[in-house]
Amino acid sequence: MKALVTGANGFLGRHVVNALLARGIEVRAMVRPAARVEALGWPASVDIVRADLRSARDLVDAFADVDVLIHLAAVVSGGEDAQFAGTVGGTERLLDAMAASACRRLVLCSSFSVYDYTATSDVLDESAPLQQSPDVYTRGGYTVAKWWQERLTRRYVEKDGWDLTVLRPGFIWGRGHGYLAALGQQIGRHHVVIGPLTRIPMTHVENCADVFALAAADPRARGQTLNIVDGPGERVWTYLSDYMRGTGERGLRLPVPHWLASAVVRLAFVTVFRRATKVPAILTPKKFDAMLKPLRFDNRKLRETLGWTPPLDYKQCLARTYGPEPARVEAAAWPSGKAASI
Amino acid sequence: MKAALIGAGQIARQHLTCLNTLPGVQLAAICDLSPATAEAAAERHAIPSWFTDHRQMLETIRPDVVHVTTPPTSHFRLAMDALEAGAHVIVEKPATSSFEELQTLTLRAKQTGRHVIEDYNYVFNHAPQEILRKIETGEFGAVTHVDILICLDILGPDGFADPNAPHPALKLAGGAIADFLPHLASLSHAFVGPHRSAQTVWSKRKPSPLPFDEFRSVIEAERGTATLGFSASAQPDAFWLRVYGERMQATANLFETRLTFDGPRNVPKPLRPFFSGLDEGRDIRRAALSTLLRKFKGPGAYEGLWACLSRTYQALATRAALPITIEDVLSVNRMVEAMKPREQAA
């Protein structure tokens, strides 16, 4: 079995490649032309193709002998239009090429951000309401791009009759990527912790990668849409404590009840920012909810469908993220200091 | 008046958002080679129809005005097609890749009785317009010189210097800086008129995919002189405009709202710098606040684009004189042509 992995040298992608190899699946890794992959330590069996989905013209050859596409690539930096053009335009080019190939199986990396948090109460699982147009366009560049990427992929799948698995990870965390938007608002080295007892829908990058490899190999994943979280999630206060201990950061933590912050944000939005076109994410009610709304999360459907349990427990994940660096992932090039998105 | 747009990229958002606020303008259709991009823009801006083939859009919609906001090398072909379909054309800068293309385009516009407007948005920002107003009333005195310098870090990996996907502007003579020449030339043109001669220095300070990252030019124009510049290394980012008149001087940063004037005042000469300094400090503090507040609302530094579009549509509706004429476009582009490098850097 051979998998084509886009975004293969990204934060998630490099672990997905390792997880696929561990399951004995051959890997063709698609990386950008100028990407440096030597430090990733991939074995020679990994077939590297260089292409930039934002501009590549002919991608059909990349699908030669490929049984499954694992589509992870997304543009997560730059302005809203750059993210859309890279993530959605890139997916159009990639799936046009797939349509001209013999490959009929696709695993898409979507996101929790496609859910409408504001309309969700109590439990956010696969049955939770999704964002709708035109409301989605108030959610910011990342959400618009990921929502469109999934919408577009489903259209191709319907038209071409492919087998699709959509995986929607929560906050993906790991080495160099420990700070999460769910932790509230950072001011210098201090933290305003909004809803300290709220649970975070989180998945460690190695656990998350394991689900992608499993979904690629397991026929039970076909036609499924599955959320990826490692479990019910740690509480914001607990994880922030572990993050600060792990990184050695020192700073004050000011706990603010979620209901109070939510009321202030909504009042400010109605009175001051209603007509504003550019407001910081945390002051926009829909984005505030997507980052911080206290909901319950579980991975029941993932467990029941694929029989999956996370290979690493929380303590092991902390050790992998903040402990001594294993030799195999040295010189990781993923930019740190940017909050992980969902 | 029925408007349509080709090319739903970054700058298109400003055009579309503005068009939806203009009275008497119906945003009828949008076109992009990417179906998802066209459809998403249509949904976001409540546009009733979207296309991936611009000719089909022109035939189906028959728009009165077509906005061309694609990468610059495709402008000429799309603008010609829009003229042939009987539409006026508002094209993003640079209007064409070469002056010959522009001459063909403007000639065809005259033959068809349509207009071609190149977007000189910064000329219509508040600061240049306020300086032009003072010049018109005589308060400023005749302009002797204008100094314009854009300091903008374009060497980061996500934009013009992207090592993975070459930016379309790199195909222009002068590379990424050529994308900014219409701004420099149009502002110079607004204050000192058409150029007579230009001397330029193109150079490269840092390794990057860009052929040049520094540019300076000295212009002799009909009503005065100009020094124009672009620096990818000078920081922080700023867009400095200094206008020197026979009675006053003005300084503006067009990335912000900062605008200060210095001129004659009724105080003993030794005290003039003191009072000028106080006034300037007050104006800068006010600008600091208004620059912050405008981040929350409206077009920000694109205020000039909105003003330009508003005035253009008003003029088209009433058949009045346009804020940017075909003669202006030709004159500005003659200056751009004179400033272009004769050869690419090694």
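This text leads the reader through a predicted model, from the domains of chain B to its contact with chain A and some unusual backbone features.

Chain B is divided into two domains: domain 1 covers 2-118, and domain 2 covers 122-302 + 334-339. Taken over C-alpha atoms, the centres of domain 1 and domain 2 of chain B are separated by 28 Å. Contact between them involves ten residues of domain 1 of chain B and eleven residues of domain 2 of chain B. On the side of domain 1 of chain B that touches domain 2 of chain B, five residues are nonpolar, three are polar and two are charged.

A useful place to begin within chain B is strand 10, which comprises residues 225-231. Strand 10 of chain B pairs with strand 7 (residues 143-151) of chain B in the parallel sense, over seven bridges. In this pairing His145(B) stands opposite Thr225(B) of strand 10. Strand 9 (residues 214-221) of chain B is also joined to strand 10 of chain B by seven bridges, but these two strands run antiparallel. Here Ser217(B) stands opposite Leu228(B). Strands 9 and 10 of chain B form a hairpin, with three residues between them.

In a regular strand, side chains alternate between the two faces of the sheet. Strand 10 of chain B shows such an alternation: Ala226(B), Leu228(B) and Phe230(B) point to one face and are buried. Thr225(B), Thr227(B), Gly229(B) and Ser231(B) point to the other face and are not buried. Beyond this strand, Pro236(B) is found in the loop between strand 10 and strand 11 (238-245) of chain B. The peptide bond from Gln235(B) to Pro236(B) is cis, with omega near 0°.

Helix 7 of chain B comprises residues 181-192. At 1.5 Å a residue its twelve residues should span 16 Å, and the end C-alpha atoms are 16 Å apart, so the expected and computed spans agree. Helix 7 of chain B is mostly covered, with twelve of its twelve residues buried. Among these buried residues are Leu184(B), Leu187(B) and Phe191(B), together with His183(B) and His189(B). Just after the helix, Gly193(B) takes a positive phi of about 80°.

The contact between the chains takes 26 residues from chain A and 17 residues from chain B. On the side of chain A that touches chain B, the elements that give two or more residues are helix 2 (80-99) and helix 3 (141-160) of chain A. Helix 2 of chain A gives the most, with six residues. By class, this side of chain A has twelve nonpolar, seven polar and seven charged residues.

One residue that reaches across from chain B is Glu43(B), which touches Ser133(A) and Pro134(A). Glu43(B) has its place in helix 2 (residues 35-44) of chain B. Because 15 other C-beta atoms lie within 10 Å, Glu43(B) is partly exposed. Its two partners are themselves joined by a cis peptide bond, from Ser133(A) to Pro134(A), with omega near 5°. Pro134(A) lies in the loop between strand 6 (123-124) and helix 3 of chain A.

Chain A also has positive phi values in residues other than glycine. Asp65(A), in the loop between strand 3 (47-50) and strand 4 (68-71) of chain A, has a positive phi of about 65°. Asp65(A) is exposed, because 12 other C-beta atoms lie within 10 Å, and 12 or fewer count as exposed. Asp122(A) is found in the loop between strand 5 (105-109) and strand 6 of chain A, and its phi is near 70°. Asp122(A) is exposed, with 9 other C-beta atoms within 10 Å.

Technical notes
Residues numbered from 1 in each chain as written. Chains lettered and ligands numbered in written order. Buried ≥ 20, exposed ≤ 12 C-beta atoms within 10 Å, placed from the backbone. Helix = DSSP H or I, 4+ residues; strand = E, 2+ residues; numbered from the N terminus. Pairing = 2+ DSSP bridges. Expected span 1.5 Å × (residues − 1). Domains from an automatic or database assignment. Contact = placed C-beta atoms within 7 Å. Nonpolar A, V, L, I, M, F, W, Y, C, P; charged D, E, K, R; others polar. Lists of a residue's contacts leave out its neighbours within four places in sequence.
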